[in-house]
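Good morning, and thank you for joining this group meeting. I would like to take you through one structure step by step, and I ask you to keep the view on the screen in front of you as I speak.

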Amino acid sequence: MSIGIEFRSVTKQYDAKGASKAAVDGISFQVEKGSLTTLLGPSGCGKTTTLRMIAGLETPSAGRVFIDGQDVTELGPAQRNVSLVFQSYALFPHMSVLGNVAYGPSVSGLSKDAAQDKAKVALATVGLTGYELRMPSELSGGQQQRVAVARALVLEPSVLLFDEPLSNLDARLRRQMREEIRSLQQRLKLTVAYVTHDQNEALAVSDKIIVMNQGKIAQQGSPRELYERPDSEFVAGFMGEAALMNAQRRSGRLYLGKYLLPDTIASTDETLAKVGNGLQVSPEANEVVLAIRPESWHLKLAAESAFEPSLRSAHGPTIDDATAHEHTGLHGQVKQATYLGGSYEYTVSTELGDIFLISPLRSAVARSGDLVILSLFSQGVAVLA
C-alpha cells in the first residue's frame, strides 16, 4: 500500500492567555494514495487545524507530517505540491474563469498560452468547457465550486485538500457536487483529504473516515464500519442518530427487558463477543450498552389478543406479566406516526420508554394508537460496553 499522507504523533498547541491548549493532540493516521479520507467532527474538534498542517499553513508543535513518503514537517505550502479548495472558493472577482484557473501556472513560470492551455484542460475535466470568458459573478454557486476545483487541479498536486467545500450550497446542489467530487477523485485517482462536519456528506464521498473529538481521533475506518460498528457513545451519536439502551445478560444471552435479542447480535457463548468489532464483554458483566440505529427496528402490527389487558392501560403498554412474549420482541403502542414520502417515522411507547424508529414505506403502516411489536435486525446494532 502506497501512503499519500501520514501523521505520526502530531500535536498542535496554541498559547492563549498565558495557557497552552492543544488543538490537535498526538494524532496518527495514514491516507492511502489515490483514496479520499474525510476528517469529520464537531466544531472545534481539530479537523481544520489538521488540514492546515497537511497544507503547510500550520506547523506542528510536535510529531512529523509525511506526503508521498517525504518528511514535509518543516516545508512551507509552496514546497509541498498540495492544493487547497477553500470553503469560500476564493475566486478573483476581476478575472474571468480562464484567468482564475490559469493564474497558478502563470505565476509558476509558464507562458500565457501554455498556462491557458492547461487551464482549458482542467476546466474540461470539471465540465466547464465554454465558460472560459465568464466572470465569477455570472456563475452559480456550483459552477464557482467547479472553477475552484479546476484551479486546484491545474497545478497537478500530489494531494488535494477540501475545507468544508459544500457548506455554501443548498441541499440539492450539495448532493450533486459531492457526487461530482467523488467521481472526479476516483477517475483521476487523486489523493484527497476532505474536511466536513456533515455526516451524510462524509458517508457519501469517503473511502475512510477519521472522526475527531477534542483534538484526538475518536475512531477511524470505512464509512460502513463507523456507522454500523461504532466503538464509543460519541461516535455512535455523531455518525447519525443512535439510541443508547441498556441490555441485560442472563445465562449467556442478551435481553432488552423481556425481549431476547437475536443470536446475530449477541453470541450465546460465555465470552459474549461484541458484534463485529472484535471486543468482548467480560463474562461477569450483567449489563451492556447497545447503540441502536432507528432503521434497525422492524415494526409489526399486533392483534389486540396478543396483549395482556395490562398492556392496554391508559398510560401506555406495560410488560409486567409478559414472559410468554420474550421471543417475539418489544410490545408497545404507537404514540406518533409521521409520513415522510419514502418512509415513516414512529415513536413507540414500550416498557423501556419511548423508542424512535424509521420504517420503509413497503413495511406495514401503523397509526397512532396501534399496538405493535418491535424486533431488531442485526445490522445497525453495536455493543459498546
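Before anything else, please note that this is a predicted model. I shall begin with the second largest pocket. Ten names belong to its lining, and I will read them slowly so that you can find them: K118, V121, A122, T125, L153, V154, E156, P157, L188 and L190. Which helix gives the largest share of that lining? It is helix α3, residues 112–125, which supplies four residues. By character, the lining residues are seven nonpolar, one polar and two charged. The volume of this second largest pocket is about 180 Å³.

Let us now turn to the largest pocket. It holds about 600 Å³ of space. How many residues line the largest pocket? There are 20, and those nearest its centre are V82, S83, L84, R151 and L155. Three elements each contribute at least two residues to this lining: β6, which is 82–85, α2, which is 97–107, and α4, which is 141–153. The lining of the largest pocket consists of 15 nonpolar residues, four polar residues and one charged residue.

Several of these helices also pack against one another, and that is my next topic. Two packed helices are described by the angle between their axes and by the distance between the axes. Please keep both quantities in mind for the next three pairs.

Consider α2 and α4, both of which help to line the largest pocket. Their axes come within 7 Å and cross at roughly 25°. Angles under 35 degrees count as roughly parallel, and therefore α2 and α4 are described as roughly parallel to each other. The crossing in which α2 passes α4 is right-handed.

The second pair is α4 with helix α5, residues 171–188. Here the axes lie 11 Å apart, and the packing angle is about 20°. By the reasoning just used, α4 and α5 are therefore roughly parallel to each other as well. In this pair, too, α4 passes α5 in a right-handed crossing.

The third pair is α2 with α3. The axes of α2 and α3 come within 8 Å, and they cross at roughly 120°. That angle makes α2 oblique to α3. As for handedness, α2 passes α3 in a right-handed crossing.

I now move to helix α1, which covers residues 47–55. Is this helix mostly covered or mostly open? It is mostly covered, since seven of its nine residues are buried. The buried residues of α1 are K47, T49, T50, L51, M53, I54 and A55. After α1 comes G56, and the phi of G56 is positive, near 90°.

G56 is a glycine, and two other positions show a positive phi in a residue other than glycine. One of them is S9, where phi is near 50°. S9 sits in strand β1, residues 3–16. With a relative accessible area of 45%, S9 is partly exposed. Another is Q214, where phi is near 55°. Q214 belongs to the loop between β9, residues 208–213, and β10, residues 216–221. The relative accessible area of Q214 is 65%, and because exposed means over 50%, Q214 counts as exposed.

Finally, I should like to show two pairs of residues that are separated along the chain. Where is L133 found? L133 is in the loop between α3 and α4. L133 is exposed, with a relative accessible area of 73%. The partner I wish to point out is M95, which is 38 residues away from L133 along the chain. The C-alpha atoms of L133 and M95 are separated by 9.0 Å.

The other pair starts from E233, which lies in helix α8, residues 233–238. E233 has a relative accessibility of 47% and so counts as partly exposed. How far apart in space are E233 and L384, C-alpha to C-alpha? They are 7.1 Å apart in space, while 151 residues separate them in sequence.

To close, I would ask you to return to the largest pocket, with its 20 lining residues, and to find α2 and α4 beside each other there, roughly parallel. Thank you for your attention.

Note on methods
Residues numbered from 1 in each chain as written. Predicted model: local features only at pLDDT ≥ 70, side-chain atom pairs only at ≥ 80, totals over all residues. Heavy atoms only, no water. 1 Å grid on protein atoms, 1.4 Å probe; cavity = no way out; pocket = protein on both sides within 12 Å on 5 of 7 lines; lining within 4 Å. Points joined across faces, edges and corners; volume = space filled by probe spheres on them. Nonpolar A, V, L, I, M, F, W, Y, C, P; charged D, E, K, R; others polar. Buried < 20%, exposed > 50% of the residue type's maximum accessible area, 1.4 Å probe, protein only. Axes fitted to C-alpha atoms, helices over the stretch in contact; angles between N-to-C directions. Parallel < 35°, antiparallel > 145°, perpendicular 65-115°, else oblique. Left-handed = near helix turned anticlockwise from the far one by under 90°.
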